[in-house]
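Dear colleague,

I am handing over a structure that you have not worked with before, and I would be glad if you kept it open while you read. My notes on what was found in it follow below.

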Number of protein chains: 2
Amino acid sequence: MIDAGFPGKVYPVNPNAEEILGLKCFSDIRQIPDYVDLAVVAIPAPLVLDTAKECGEKGVRALIVVSAGFKETGVEGASLERELLEVCRRYGMRMQGPNCLGIINASAFLNLTFAPYMPRQGNISFVSQSGALGTAVLDWALKEDIGLASFVSLGNKADLDEIDFIEALANDLQVKVILLYVESIEEGERFLRTVRQVVRRKPLIVLKGGTSSAGARAAGSHTGAMVGSFTAYQAAFKQSGVIPAQSVEELFDYAVAFSSQPLPLENGVAIVTNAGGPAILATDMCEALGVKLASLSEETLKKLRESLPPSSSLHNPIDLLGDARADRYRAAIEETLGDDAVGSLLVILTPQAVTESLETAETLVDIGRGRAKPILAVFMGGRTIEEASKHLMDNGVPCFDFPEKAVRALSALTQYAEFLKRPESTPQVFSDVDKATAHERIESAKREGRVVLLPHEAAEVAAAYGIPVPAAKLAMSLEDAVRFAEEIGYPVALKVVSPEILHKSDVGGIALSLNSREEVGEAYAAILTRVSGYMPRAQIYGILVTRMFPQGKELIVGVDRDVQFGPLIMFGLGGIYVNFLRDVAFRLAPLSAEEAQEMVEETKAYTLLKGVRGEPPSDIYALVDILLRVSQLVTDFPEIVEMDINPLFAYEAGKGCVAIDVKITLSRG
Amino acid sequence: MIDAGFPGKVYPVNPNAEEILGLKCFSDIRQIPDYVDLAVVAIPAPLVLDTAKECGEKGVRALIVVSAGFKETGVEGASLERELLEVCRRYGMRMQGPNCLGIINASAFLNLTFAPYMPRQGNISFVSQSGALGTAVLDWALKEDIGLASFVSLGNKADLDEIDFIEALANDLQVKVILLYVESIEEGERFLRTVRQVVRRKPLIVLKGGTSSAGARAAGSHTGAMVGSFTAYQAAFKQSGVIPAQSVEELFDYAVAFSSQPLPLENGVAIVTNAGGPAILATDMCEALGVKLASLSEETLKKLRESLPPSSSLHNPIDLLGDARADRYRAAIEETLGDDAVGSLLVILTPQAVTESLETAETLVDIGRGRAKPILAVFMGGRTIEEASKHLMDNGVPCFDFPEKAVRALSALTQYAEFLKRPESTPQVFSDVDKATAHERIESAKREGRVVLLPHEAAEVAAAYGIPVPAAKLAMSLEDAVRFAEEIGYPVALKVVSPEILHKSDVGGIALSLNSREEVGEAYAAILTRVSGYMPRAQIYGILVTRMFPQGKELIVGVDRDVQFGPLIMFGLGGIYVNFLRDVAFRLAPLSAEEAQEMVEETKAYTLLKGVRGEPPSDIYALVDILLRVSQLVTDFPEIVEMDINPLFAYEAGKGCVAIDVKITLSRG
């Protein structure tokens, strides 16, 4: 604190010292003759509770508890942590940690970590659930001379968590980019709500640890974190506009690009290079990551032709040839940047005989100043380009050592820009749903102590939300069955309904493809005979008469409730293929219309639904409608923990989709 | 050459100078009063031809032509390059280039490039089709103090190509690892043949540029390279044991790991760390890349429990906690390395309050010396770990700045080790094939000027190679048709055979599911009536009577002939799914039994073939047999440019597979 030049007052508290580093030391915080904002508690765990109480009595507003020995050590530690949190709540104190490394706020000259030095003041903030990753980042920032605005070590997150800090950093004018390393997010829905707002103002780049099952186990033992399903995290990040990083390196690379560059208005990069190979590698990576190469206008090509040597390759990537000096780079860059099709620029330099690395870097800095288009540099090599690379980084042009890294960063910039262009996602809410009926069916199952709805109940709940299901009626008598069949229309199926009979076909409880009142009558009697033969004691609710539908494209819609993020909706191809192809898309409910559409488009099944081999397209509109209605249903009824529509038959465009079989499971109690 | 300390003689040749850098200069190479091994030609392109002739007259053995202005500039340049090659051939000279940057051989103190300095002598060789990438690598090696054995710039590869240099480097005792950057490989089969031998002796790491369509276009304009299908390259790399790198960074990271570490005998890594977060990220990456975390033995766990603090996490990753000093690392590493289940070690260090970076590095170097297990280090952070990191690198322990990079390198080591464990791939050759019949059918089509075999011809060719096809006979009369049907067995199909009728069903030329002699008779007459009505002039070869088969699992086998690598065999799921799921595997023929089996296992269809939902498994043995027979067929007959079996029906294990429809296309002329 002292070395970092913190201008406020600092009071050491320790019962065994008179003075620490020249400052008078107090044996008890309550003796400090002054108002205290914040206390940093770095004492053995067993002493923390009493000290926290003393802080509370003193009127301290916030605690940073560095001490370890809490939840991460097991049951006893967890109980101590709960007590500590209670103390904080009682005195109205907020707490960071415990088991954390503290906080740095560069613009306040405040360093409350172990780090022996301050990073250069900058606009990047890093919030980390791993303290060690934090120190590594601080160290890296110092070496690379990257400016940081702040660093937060989350520790056990007993009180303040990543969401609180993200909210605060969103309002911090010093901060342009927020980085987050996180192993678990406990309050998924709050995270989503907050982040959706934050990303409209500044980019949030997240690296998630514990994505593998072994990694998740390690994370569990590490901070006692409850690590949820990675699928839910991925959906949450995608839907909220978070920029996901796949590695620490990507986290850094993205930070450097986002902190200094404007966002591209167009997805179209121009690559300017003095060497073929690296430009080819960059082009390969662009294609792999969805970054488009800009098609230069005739005018730009004409200008380039005039100012570059005849053997230069003008077709993007623009190859200036190995003997390009800084002036050739300047000409090419200026003309390229003026082209409206060019949304961003990637400048590649390799050290060759007459290459002017530093002058080229200066040119880039000069041209880049005040431009609304992002410029990323790739200067490959070691010592020869060291000075040039430093000049670029010091002057706000991100410089990478490998083309692939620059393209990854550019892809992140581009995707974020595209995300911001889309309207804010608003969950679709249908007003034509019959919530009362759905409620009634669910309640009646609950009253009877059933957690799995009977098939016709599940179908009725779905129907109440406007999801097309086959017409079905529960017959209590042979006359009912025949009358219902006539009303519904043939062909029909009969199915016995009984909470005790799970596998209806095993007891002869099903008859399919009945085409007349005679067939229905015979089948009704036969089912009752067979069932009472097999399971004489089973309670029979009746026989369900259902309209049979022709085979459509077999799809599946499923819902699982994620512990952290709530209902996770799955869509994919049905039949045997769902099991082994895993051609499925996931999103968290509630869904917006765009999200539901995206879900469908994300799967390979989409190609099939659009119509292959001259087949007519399927009714994708109706399919999206069903996804949205499922989303609304499971959002309205949190007690639905699982829901499956399998199969969902999709017919030709205009002819709709039908949820052939609906299964709904409720939470216990 | 002089600065690098080349001990041999150097003669400058230039008509305008008396002396260059203190050396007497000759106006013509023929005036040099000495035997000349090698001439480096760096003069304008139009003068190269005459100079090459003079070199030839002088008896020079090899040329390095640095000059640009050849194939890469267009048609004229290409013609000049051909003339240059002719001159070389005439005089028995080998040539590197033209349009190259030369060569470095560090152990010979020979630097024939523009690079103004020599890399440290080491055991890594880099062969590059991009000169610029080469200079960048030289520069990088110097900065990171990585030792190189040699560097080769391939240029236009008019004479010597990557295969020649790989062969030479394989025999160079100074070289432990070969790196290759390549945009195109012209002689695919020779490449495969050579590389299969080389990789048994030393690792070959390849970065392929131009994998995307845009990248390939750029590569084409860059060195005039003909860039083949990336699918064929991928198959070639996989089958020959090449280690593919996805980026320049990976190329370097792999080089560092392979040049210093032994190969792991077991796929099982132990991760030792002083920080949770980075270990979790490493674990995630291990799972993603197929590196298994070793299960430590009870004995090892017991020893670790004795020597580590009680709150350490012993479950791999082994977390030594933030206050681990070098001695704790030593204890954990020594005990872990002694465990037979541990094939490799990943040591992670982040700078924390009491961390001893340098001492830990020294410990690692000390323990690693002479060990037969690879050790990779991840020291995260900047200045604090700089010295430690350098100590590791200088002493043969690869040190990475990010955990993901180390795991990628470890995965490459592991995969290469697994590859070497497998026996050398020997193409399966069946002796029971009837090559004469296949030859006859192919020749008869050629004689008639047809490049697409008629369906029954194709089926006969397949049958000659032991591929099961439905029994079929060509009937010239109604009596024939009925007799054949009786012989073959019902149900049968009838199909008109005519080179002019491509879409048989459009002209009513097909009748299916015929179950009696009466049905066959009627259908025969009806087909002839319909066909002669629609296409009165069509030449009718007859009516094919074919046994109809029940529906099996619908698969597809295809063959395309790649320009560079020869026949590329494809296997996948058939039906409409092949089009939109792209669940296919590729391998180059000739296939070994293991490769054919791998092909099948690589697809998601494999799950289906093994039997899902209690279905019996399909006859995978018969399927692999068919793949091998197709491989032999297309290898024996280079004139087959395309072959398709679609559908191939697979039945239950033991019941075989049948090639329902076989299509074979021959090359023209």
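Before the first residue pair is named, one term is needed: two strands are said to pair if DSSP finds at least two bridges between them. Please also bear in mind throughout that this is a predicted model.

With that term in hand, I begin with a sheet in chain B, which is open and has 7 strands in the order β7-β6-β9-β8-β10-β11-β12, with mixed pairing. Its edge strands are β7 (110–111) and β12 (243–245) of chain B, each of which pairs on one side only. Within this sheet, strand β10 (residues 177–182) of chain B runs parallel to strand β11 (residues 204–208) of chain B, and the two are joined by 5 bridges. If you would like a place to look, I178(B) stands opposite L204(B) in β11(B).

A second set of strands worth following is in chain A, where strand β25 (residues 640–650) has several antiparallel partners. With strand β22 (residues 553–562) of chain A, strand β25 of chain A forms 7 bridges in the antiparallel sense, and here D560(A) has E642(A) as its bridge partner. With strand β27 (residues 662–666) of chain A the pairing is again antiparallel, over 5 bridges, and E642(A) stands opposite T665(A) in β27(A). E642(A) thus has a named partner in each of these pairings, D560(A) in the one and T665(A) in the other. Strand β26 (residues 657–659) of chain A pairs with β25(A) over 3 bridges, also in the antiparallel sense, with V658(A) as the bridge partner of F649(A). The hairpin of β25(A) and β26(A) has 6 residues between the strands, and in this hairpin G654(A) takes a positive phi near 95 degrees.

Some backbone details deserve a careful look. Most residues other than glycine have a negative phi, and most peptide bonds are trans. F109(A), which is not a glycine, nevertheless has a positive phi of about 55 degrees, and F109(A) is found in the loop between β6 (103–105) and β7 (110–111) of chain A. The peptide bond from A589(A) to P590(A) is cis, with omega near 0 degrees, and P590(A) lies in the loop between β24 (584–588) and α20 (593–602) of chain A. In chain B, the peptide bond from N646(B) to P647(B) is cis as well, with omega near 5 degrees, although P647(B) is found in a strand, β25 (residues 640–650) of chain B.

How do the two chains meet? Chain A gives 72 residues to the contact and chain B gives 73 residues, and between them the chains bury about 5600 Å², of which 64% is on carbon and sulfur atoms. The count between chain A and chain B is 4 salt bridges, one of which joins K143(A) to E386(B), with the closest N and O atoms 3.7 Å apart. On the side of chain A that touches chain B, the elements giving two or more residues include α3 (131–144), α14 (403–421) and α21 (605–610) of chain A, and by class this side has 31 nonpolar, 25 polar and 16 charged residues.

Finally, chain A is superposed on chain B by a rotation of 180 degrees with 0.0 Å of shift along its axis (RMSD 0.1 Å); the two copies are thus related as by a two-fold rotation axis. Because 100% of the interface residues of chain A are also interface residues in chain B, the copies meet through the same surface.

With best wishes

Note on methods. Residues numbered from 1 in each chain as written. Chains lettered and ligands numbered in written order. Predicted model: local features only at pLDDT ≥ 70, side-chain atom pairs only at ≥ 80, totals over all residues. Heavy atoms only, no water. Helix = DSSP H or I, 4+ residues; strand = E, 2+ residues; numbered from the N terminus. Contact = heavy atoms within 4.5 Å. Buried area = accessible area lost by both parts, 1.4 Å probe. Salt bridge = Lys/Arg side-chain N within 4 Å of Asp/Glu carboxyl O. Nonpolar A, V, L, I, M, F, W, Y, C, P; charged D, E, K, R; others polar. Least-squares fit on C-alpha atoms with pLDDT ≥ 70 in both.
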